[in-house]
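Q: Hey, I'm new to this one. Can you walk me through it?

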Amino acid sequence: MTAIPTSTARITCLCGAISEPGSKLVQQTFPIKEELCHCNPCRQTTGALAPAFANFKVHPTQETLDKCDVYESSTKVRRSVPPDCTLFCKTCGTKVFVAISNDQGQIDHYSALAGCIERNPQQVKEGDQWTKDVIEVMHHAFLSDTNDGGLAGHLLKVDGNTPKFYETDDENAELSISVVEAMIAKSRAVPTPPIDAQLTAECRCGGVDLRILRADFAERDKDIKEHYSYPIDKYVAGLCACRSCRLHFGTSLVPWAYIPVGNLNVASTGRKVVFGHAALEPGSNPGTTLKHSETSKGVIRSWCGSCGASVFFWSAERKGREEVVDISVGIIRAESGVMAREWLEWRDLLSYDHEGTDQALVRQVKQSIEAEAKE
Ligand SMILES: [Zn+2]
Ligand SMILES: [Zn+2]
Ligand SMILES: [Zn+2]
Ligand SMILES: [Zn+2]
């Protein structure tokens with residue numbers, strides 16, 4: 001099969017307000033060879049575990065940039081000098097670009113979040129093939145920020161190849177696979193926190209700073225439906241590859257933990273987080289920078305209006321399970337590491353795997369989480 005040109009793609013957001021042609025990408029054919037970045041800023045400004053970026057050779061149009069909110073990070077994001085910026089759609093919260101600065105502090109180039117790259121319907125001709133893999137993972141960067149290997153723990157191999165593991169973004173700081181495996185093993189040994197412990201979930205800028213009560217499905221949460229309530233002292237977590245999650249986070253795999261809505265408090269006020277249609281009212285969650293949008297009928301997605309991190313997915317269509325909300329695992333701060341294994345039970349859940357734009361990653365992660373769930 002001949003290589004599929006990136007000019008057949010577009011870079012878009014969930015609400016469709018933003019659309020840039022794939023012809024602006026530096027790499028001309030799929031798959032785009034890139035790293036997965038596991039650093040704290042990337043995780044905490046997206047809510048995902050490890051985004052990938054595809055460089056633009058020309059800037060997005062001013063019209064596109066005007067549709068974005070901008071978060072200027074004060075810390076180093078990837079291999080560049082500060083300030084770096086995350087750009088996310090003002091309307092729907094999709095993380096679409098990062099801006100990389102040069103030594104003079106001016107914008108050198110933009111990179112698209114790889115999850116926003118998809119087939120451009122205007123370029124589709126009858127019988128056209130399209131890529132099953134937008135990106136090909138060359139290495140994992142900043143594993144030192146994960147403590148537990150993060151998503152790299154499920155991507156020790158991809159399609160039979162072994163990506164490299166870097167402690168930072170420096171190829172001289174390569175970690176062996178046994179070091180990564182030891183990180184995972186160590187995180188698994190961290191005991192479940194006591195019943196009165198609280199877990200912090202905080203976006204990069206701190207505008208969304210929440211506390212999650214420890215799971216208690218034996219008593220307090222015993223009426224929550226069984227699907228989410230096993231085991232009794234941990235919350236279930238899983239991944240989603242659906243188009244809407246992918247676009248909102250800008251990554252092809254999206255990590256969710258399923259939490260009863262009553263177990264989430266705003267740190268500064270101690271108040272319960274307001275969900276559902278009531279959340280759409282202005283000022284619905286004082287003490288936070290949360291923005292909420294009904295991105296499809298009965299589905300409300302929430303993100304930080306200041307740094308852009310995706311935070312919640314709430315659905316009215318859950319047929320009796322409205323009492324549970326999904327929170328992005330990328331903003332969770334657990335002692336054991338980014339997978340928060342002492343708080344979360346990762347089940348063999350990879351929803352909408354057929355919709356995934358990185359099928360090699362989806363296949364590999366699915367296999368790995370199924371193996372972990374059996375242990
Ligand atoms: Zn949008
Ligand atoms: Zn990063
Ligand atoms: Zn989804
Ligand atoms: Zn924020």
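A: Sure, one term to begin with: donors are N, O and S atoms within 2.8 Å of the metal (3.2 Å for Na, K and Ca), and water is not among the atoms, so sites may look incomplete. This is a predicted model, where local features need pLDDT of at least 70 and side-chain atom pairs count only at pLDDT 80 or more, while totals for chains, interfaces and linings use all residues. Residues are numbered from 1 along each chain as its sequence is written, ligands are numbered from 1 in the order written, and side-chain values use heavy atoms, without hydrogens.

Q: Ok, what coordinates the zinc ion (ligand 1)?

A: The SG atoms of C13, C15, C89 and C92 do, at 2.3 to 2.4 Å.

Q: And what are the angles among its four donor atoms?

A: They run from 103 to 114°, which makes the zinc site tetrahedral; four donors get that label if all angles lie between 85 and 135 degrees.

Q: How many residues apart are C13 and C92?

A: 79, so the pair links distant parts of the chain. C13 sits in the loop between β1 (9-12) and β2, and C92 in the loop between β6 (81-89) and β7 (95-101). Strands here are DSSP runs of E, at least two residues, numbered from the N terminus.

Q: Are C13 and C92 buried or exposed?

A: Both are buried, meaning under 20% relative accessible area, with exposed over 50% and partly exposed in between (1.4 Å probe, protein chains only).

Q: New topic: which residues does the cis peptide bond join?

A: F30 and P31, with omega about -5°. P31 lies in the loop between β2 (19-21) and β3 (32-37).

How values were computed
Helix = DSSP H or I, 4+ residues; strand = E, 2+ residues; numbered from the N terminus. Tetrahedral: all angles 85-135°; square planar, octahedral: opposite > 155°, others 65-115°.
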